[in-house]
Amino acid sequence: MAEMGKGVTAGKIASNMQKKLTRAQEKVLQKLGKADETKDEQFEQCVQNFNKQLTEGSKLQKDLRTYLSSVKAMHEASKRLTECLQEVYEPEWPGRDDANKIAENNELLWTDFHQKLVDQALLTMDTYLGQFPDIKSRIAKRGRKLVDYDSARHHYESLQTAKKKDEAKIAKAEEELVKAQKVFEEMNIDLQEELPSLWNSRVGFYVNTFQSIAGLEENFHKEMGKLNQNLNDVLVNLEKEHATSTYPVKAQPRKKTKLFSRLRKKMSSDSTKANKTPSSPPDGTPITSPEIKVVNHEPEPSTLEAPGGGIPKSPSQSSLPTVVVDSVPATVNGTDENTAVSERSDMPPGFLFKVQAMHDYAATDNDELQLKTGDVVLVTPFENPEEQDEGWLMGVKESDWLQHKAFDQCRGVFPENFTERVQ
């Protein structure tokens with residue numbers, strides 16, 4: 001007999017085709033009610049349980065994979081969140097190393113949680129469902145063998161009830177019936193034992209699976225809770241440190257115009273010119289010095305109150321002579337000083353308002369003021385507006401002004417964001 005392929009012959013193919021044809025005919029006769037069908041209600045209940053168990057297991061596997069995908073997504077989101085915190089956590093802030101260590105432990109915890117879910121839940125689930133395809137195939141084969149048995153039984157019965165009996169055909173039919181019955185019963189017995197056992201195993205499997213997931217989640221959230229508490233403590237400490245300003249506040253950058261260098265040069269030049277004897281112009285006209293008038297003010301013995309209900313002057317102030325210099329009025333930023341700012345005898349020239357230092361500031365140049373928290377600064381305008389950098393003010397510390405009354409020697413620039421206006 002010619003071979004059609006490896007292990008397959010034309011005779012075997014013909015035999016298989018004949019079996020399929022016989023089964024088809026038998027199924028048609030059974031459906032039409034012209035042939036009885038062997039029934040096993042107990043086995044059919046086992047098959048129904050098997051199909052239900054397979055459906056539930058497949059759904060659980062699908063949902064578990066979705067759960068793991070969600071855990072992985074949360075892991076990635078948590079990783080990006082901690083990376084963002086590390087990026088915004090400035091180097092000089094306290095707790096930076098602690099925050100970085102917490103971020104590392106957070107990453108390890110998520111990775112460990114995901115891997116254990118795969119090992120203790122998903123892989124176990126895959127193993128559990130791995131036995132269903134083989135059993136499903138055997139159930140289908142058992143069904144085919146049952147049809148073969150019924151077909152052989154009906155053929156044998158028909159030969160026995162025939163009017164003209166052929167003993168040789170009856171003997172052969174009986175032999176085929178016995179053979180078909182043996183194959184069917186062997187498969188049927190095995191499945192009758194396995195299906196109930198498989199059905200009962202579902203309880204233990206579900207318990208173990210969900211216990212594993214619950215235990216892993218409990219431990220994960222417990223450890224994550226500790227990390228979150230540690231991070232919260234770090235941030236609370238940062239907030240406290242921020243409130244007491246233990247880390248420096250940054251000032252806006254300056255152009256470093258060396259304002260005092262020019263002021264000192266100007267003062268030195270003016271002093272040199274004042275010490276020289278002025279010479280007469282070529283036409284012989286004498287140089288006239290500014291006229292100085294001295295007016296003595298004596299207080300009235302009857303009252304010390306200034307006209308208009310003002311604050312009275314002390315006797316020492318009233319007895320001092322007033323020096324009036326006839327000269328060109330000084331200007332501030334190109335404007336008459338008398339109209340640009342309000343003059344007060346107890347304040348430096350051009351006084352604008354007061355500010356108080358809210359943070360320490362370490363001067364980085366000789367034209368800057370050194371500030372301590374609480375220092376009061378008397379703010380004055382720049383003589384040249386072009387010398388003022390954005391975010392910087394000119395002034396003199398109130399303590400220096402009250403002690404020395406020396407404006408040009410004590411004034412300097414300072415960052416505005418280190419202070420707060422108080423008057």
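## Briefing: Glu157, the second largest pocket and the chain

Glu157 is partly exposed: its relative accessible area is 35%, which falls between the 20% limit for buried and the 50% limit for exposed. The model is predicted. Glu157 sits in helix 4, which spans residues 132–161. Helix 4 also helps to line the second largest pocket, giving two or more residues to it.

**Glu157**
- Ala173 follows Glu157 at a separation of 16 residues in sequence.
- In space, the C-alpha atoms of Glu157 and Ala173 are 9.0 Å apart.

**Second largest pocket**
- The volume of the second largest pocket is about 620 Å³.
- Its lining comprises 16 residues.
- Nearest the centre of the second largest pocket lie Lys19, Asp148, Ala152, Glu176 and Ala180.
- Besides helix 4, the elements that give two or more residues to this lining are helix 1 (10–31) and helix 5 (167–243).
- Helix 5 gives the most, with seven residues.
- By class, the lining of the second largest pocket holds seven charged, five polar and four nonpolar residues.

**Whole chain**
- The chain has 10 helices and 11 strands.
- It contains 423 residues, and 29% of them are buried.
- Take the contacts between residues at least 6 apart in sequence: 70% of these join residues at least 24 apart.
- The chain exposes about 28,300 Å².
- Carbon and sulfur atoms supply 54% of that exposed area.

Conventions:
Residues numbered from 1 in each chain as written. Predicted model: local features only at pLDDT ≥ 70, side-chain atom pairs only at ≥ 80, totals over all residues. Heavy atoms only, no water. Helix = DSSP H or I, 4+ residues; strand = E, 2+ residues; numbered from the N terminus. Buried < 20%, exposed > 50% of the residue type's maximum accessible area, 1.4 Å probe, protein only. 1 Å grid on protein atoms, 1.4 Å probe; cavity = no way out; pocket = protein on both sides within 12 Å on 5 of 7 lines; lining within 4 Å. Points joined across faces, edges and corners; volume = space filled by probe spheres on them. Nonpolar A, V, L, I, M, F, W, Y, C, P; charged D, E, K, R; others polar. Contact = heavy atoms within 4.5 Å. Areas by Shrake-Rupley, 256 points an atom, 1.4 Å probe, with all protein chains shown as cover.
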